[in-house]
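Trainee: I should like to learn how to read a structure of this kind. May we go through it step by step?

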Protein chains: 2
Amino acid sequence: MGDTAQQIIDLAEDAIATKGYSAFSFREIAALMGIKSASIHYHFPTKPHLGLAVASRYRQGYAAALADIDAQDLTPEAALASLVNIYRQQLGNGERMSVCMMLAAEIKLLPVEIQQEMQAFYALNIDWLQHLVQRRQPTWLPAESRVLACQLFALLQGALMGAKTQGSPEYFEQAVVALAKLWPQ
Amino acid sequence: MGDTAQQIIDLAEDAIATKGYSAFSFREIAALMGIKSASIHYHFPTKPHLGLAVASRYRQGYAAALADIDAQDLTPEAALASLVNIYRQQLGNGERMSVCMMLAAEIKLLPVEIQQEMQAFYALNIDWLQHLVQRRQPTWLPAESRVLACQLFALLQGALMGAKTQGSPEYFEQAVVALAKLWPQ
DNA sequence: GTCTATAATTTGATAGAC
DNA sequence: GTCTATCAAATTATAGAC
């Protein structure tokens with residue numbers, strides 16, 4: 001994977017996070033790079049190929065971030081706070097929504113390979129949260145910790161979506177306070 | 001507003017809920033009605049006009065549904081359960097996501113009038129939930145009840161988004177269990 | 001690897017007949 | 001109100017030169 005291909009993925013990710021998969025175009029990526037759209041096709045034959053490359057790298061980067069948290073041997077509470085921080089960072093970057101949120105909304109329009117990538121992204125998040133819960137509640141059945149993992153993830157995603165839509169970081173902060181309330185005391 | 005205009009809005013709402021504002025077209029609506037796209041322009045001069053009509057009617061219908069709940073003089077718990085039922089109904093309708101979710105994801109691309117409609121939709125929801133919370137916790141400050149309202153709404157939206165994206169009604173059911181945990185006992 | 005040139009399609013929108 | 005016809009623009013994608 002060359003530098004040019006990397007830069008194409010960078011810009012495509014940004015475009016998808018801002019406009020969505022349907023609305024972003026090869027030409028706008030090319031224009032930002034000072035090349036022609038035909039050159040993009042040299043690196044990624046079709047739009048589904050480029051979209052899949054974006055989604056796949058996005059999931060892998062996310063998995064690496066979760067692994068980083070794990071490597072710090074934090075308490076479950078602190079590890080969850082680190083995840084919240086990852087989401088919090090997305091509040092600042094202006095026109096950009098979240099790649100996950102855009103592809104989630106468009107999922108019925110996506111090539112099946114990208115749909116599968118999104119399913120894997122969800123599984124990654126929920127599995128990670130489930131392990132976190134299980135570590136804090138060792139006596140729980142896996143089914144119990146999975147339910148709480150779903151609750152935590154739904155709240156986190158809803159908080160980010162609402163904050164981005166309203167342009168209100170406060171909304172995010174107020175919503176994520178509820179995460180702590182979902183842990184058993 | 002004639003019958004034809006109503007039917008156009010019906011089909012446009014369905015298309016927006018399925019494909020989003022950017023990806024739906026006048027021609028597909030016209031084809032479903034057995035007319036030509038030029039005829040759509042007679043009823044709605046531009047795409048922003050039609051999009052605004054969809055968003056506005058959607059918000060008004062939603063407001064009416066909330067008013068219906070209010071008219072039943074339910075307990076706050078039962079009223080919240082009724083709202084959850086409204087969201088639950090969206091799990092069944094196949095390819096359709098939620099109008100709110102699609103327009104929320106695309107908000108940066110929307111004509112400003114539709115953006116404002118979305119802001120009004122969020123305000124409607126949060127104000128309604130805030131009143132609900134205030135009714136259950138009469139001694140709370142408005143700021144406190146507003147925070148809980150944001151938490152409830154974020155969880156509800158995240159639950160629907162995750163369930164729709166994964167095609168998993170169970171995800172929704174597991175996530176919304178947490179709504180009860182957020183109420184003070 | 002990037003270019004020019006172009007094909008094929010889709011889109012929002014308008015003019016004018018009926 | 002709906003039609004035909006059309007425009008101007010944008011899009012994905014390909015062929016072939018350099």
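Mentor: Let us begin with one contact to DNA. A backbone N or O atom of Lys36(A) lies 2.6 Å from a phosphate oxygen of DNA strand C. Please bear in mind that this is a predicted model.

Trainee: Which other residues have a backbone N or O atom close to a phosphate oxygen of DNA strand C?

Mentor: A pair of N or O atoms counts as a polar contact when the two are within 3.5 Å. In chain B, a backbone N or O atom of Phe26(B) is 3.1 Å from a phosphate oxygen of DNA strand C, and for Phe24(B) the distance is 3.3 Å.

Trainee: Which residues come nearest to DNA strand C?

Mentor: There are 16 residues around DNA strand C, and those that come nearest are Lys36(A), Ser39(A), His43(A), Phe26(B) and Lys47(B). Of the strand's atoms that come within 4 Å of the protein, 55% belong to sugar and phosphate.

Trainee: Which helices supply the surface near DNA strand C, and what classes of residue does that surface hold?

Mentor: At least two residues each come from α3 (37–43) of chain A and from α2 (26–33) and α3 (37–43) of chain B. The largest share, four residues, is that of α3(A). By class, this surface has six nonpolar, seven polar and three charged residues.

Trainee: How should DNA strand D be read, and which residues come nearest to it?

Mentor: One may ask about DNA strand D in turn. It has 17 residues around it, with Arg27(A), Lys47(A), Lys36(B), Ser39(B) and His43(B) coming nearest. Sugar and phosphate make up 51% of the atoms of DNA strand D that come within 4 Å of the protein.

Trainee: Which polar atoms lie close to a phosphate oxygen of DNA strand D?

Mentor: One should note whether the atom belongs to the backbone or to the side chain. For Lys47(A), a polar backbone atom is 2.7 Å from a phosphate oxygen of DNA strand D. For Ser39(B), a polar side-chain atom is 2.9 Å from a phosphate oxygen of that strand, and for Tyr42(B) a polar side-chain atom is at 3.4 Å.

Trainee: Which helix gives the most to the surface near DNA strand D?

Mentor: That helix is α3(B), with four residues. Helices α2 (26–33) and α3 of chain A, and α3 of chain B, each supply at least two residues. The residues of this surface divide into six nonpolar, seven polar and four charged.

Trainee: How many helices and strands does chain A have?

Mentor: Chain A has nine helices and zero strands. Its C-alpha trace spans about 60 × 30 × 30 Å along its principal axes.

Trainee: How do the axes of α8 and α9 of chain A cross?

Mentor: The axes of α8 (residues 142–166) and α9 (residues 169–182) of chain A come within 8 Å and cross at roughly 170°. Therefore α8(A) is roughly antiparallel to α9(A). Their contact has 14 nonpolar, four polar and no charged residues. Among the residues that meet are Leu148(A), Leu152(A) and Leu155(A) in α8(A), and Tyr171(A), Phe172(A) and Leu179(A) in α9(A).

Trainee: How many residues of chain B are in contact with chain A, and what area do the two chains bury?

Mentor: In this interface, 40 residues of chain B are in contact with 40 residues of chain A. The two chains bury about 3500 Å² between them, with 66% of it on carbon and sulfur atoms. Of the area that chain B buries against chain A, Lys108(B), Met161(B) and Thr165(B) supply 17%, more than any other three residues.

Key
Residues numbered from 1 in each chain as written. Chains lettered and ligands numbered in written order. Predicted model: local features only at pLDDT ≥ 70, side-chain atom pairs only at ≥ 80, totals over all residues. Heavy atoms only, no water. Near = heavy atom within 4 Å. Polar contact = N/O pair within 3.5 Å; in protein donor to acceptor, adjacent residues only side chain to side chain. Nonpolar A, V, L, I, M, F, W, Y, C, P; charged D, E, K, R; others polar. Axes fitted to C-alpha atoms, helices over the stretch in contact; angles between N-to-C directions. Parallel < 35°, antiparallel > 145°, perpendicular 65-115°, else oblique. Contact = heavy atoms within 4.5 Å. Buried area = accessible area lost by both parts, 1.4 Å probe.
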